[in-house]
Amino acid sequence: MAGIKEIRTKIKSVQNTRKITKAMEMVAASKMRKAQERMRAGRPYADKVRTMATRLMQANPDYSHPYLIERPDPKAVGVVVISTDKGLCGGLNTNIMRLVLNRLREFGEKNIRCQFTALGNKGLGTLTRIGANLVSQETQLGDVPELARLVGALKVQIDDFAAGRIDAVYVATNRFVNTMKQEVTFFRLLPLQGDLADPYDSHSENDAQAKSAEKAAHSWDYIYEPDSKTVIDELLHRYVEGLVYQSVAENMASEQSARMVAMKAASDNAKKVIGDLQLVYNKTRQAAITKEISEIVGGAAAV
């Protein structure tokens, strides 16, 4: 009977675990919808700033912003690693850190120094363990990203780029595709592409061609206050901040989707384990009862 008691205890333990994973699945599903809404709400802002900045630069071809100047033969780069603060979201953080480590190895082969900014506790932990050059960090971002907190950590990389200490800034994050699919993304934040192509748009090359045709057919100009240079500087600065905010929003939507899927898989696996344990419990109990009956019959026959 000791075996039956142990199996019953294990079934109870798995049932309690299943209750937890089921609750976490429901919470993640609720947060996922809100995260997706925030992610989609940020896209029109970035699109509008991108359109305005592109038209302003077309109207002022003589001015080239430092964020747009390509630097050949880079000697040092900055990498902004966006990860989650909590685990239990499948291979989301593992995939992004594997990509970062691969790119770090590639930069090392080219003798390019790397400095890192960690947004999220999981990425911070990995970068600390490998002894990476960590120049800034921000953790415990919560469920709603705050631009003021993100800009504080990002400013270190932007200032180093503006001062010429690094030649490019990259962002590593997870791009939300749908509930079941999230793609790891590694794109260049600075210097910006000349046509300000959307790094999250899979049709960016076609869009670039369309923009070139549009540029040839139309020209825009604005009334500036105080002047065109100041307006372009501010717009591009806001655009860079908006890209990072959008990257964090994409990662948060990916996090909740991955956690919901992972917790659903855990709940389904727990249900299967409970069924298997229940079958073993019934067989063990039946065997114990049969043994007791055999002992009683054997004793009666002996008398």
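**Helix H4 and two residues of helix H2**

Helix H4 bends by about 40 degrees at leucine 154. Keep in mind that this is a predicted model.

Let's stay with H4. The helix covers residues 147-163, which makes 17 residues. What span should they give at 1.5 Å a residue? The expected value is 24 Å. The C-alpha atoms at the two ends are 23 Å apart, so the two figures agree.

Now its buried side chains and their neighbours. Leucine 154, where the bend sits, is itself buried. So are Leu150, Ala153, Gln157, Ile158, Asp160 and Phe161. What do the buried residues of H4 pack against? Five strands come up: E1 (76-82), E2 (113-119), E3 (134-138), E4 (168-178) and E5 (181-190). Helix H6 (228-302) is on the list too.

What comes after H4? Glycine 164 follows the helix. Its phi is positive, near 85 degrees.

Next, helix H2, residues 92-109. I picked two residues from it.

Asparagine 93 belongs to H2. Is asparagine 93 buried or exposed? Its relative accessibility is 11%. Buried means under 20%, so asparagine 93 counts as buried. Set aside neighbours within four places in sequence, and asparagine 93 is in contact with Ser83, Thr84, Lys86 and Lys122.

Arginine 103 also lies in H2. Its relative accessible area is 28%. That falls between the 20% and 50% cut-offs, so arginine 103 is partly exposed. How far is arginine 103 from alanine 172? In sequence, they are 69 residues apart. In space, C-alpha to C-alpha, they are 9.9 Å apart.

Key:
Residues numbered from 1 in each chain as written. Predicted model: local features only at pLDDT ≥ 70, side-chain atom pairs only at ≥ 80, totals over all residues. Heavy atoms only, no water. Helix = DSSP H or I, 4+ residues; strand = E, 2+ residues; numbered from the N terminus. Buried < 20%, exposed > 50% of the residue type's maximum accessible area, 1.4 Å probe, protein only. Contact = heavy atoms within 4.5 Å. Expected span 1.5 Å × (residues − 1). Bend = angle between axes of the 7 residues up to and from the residue.
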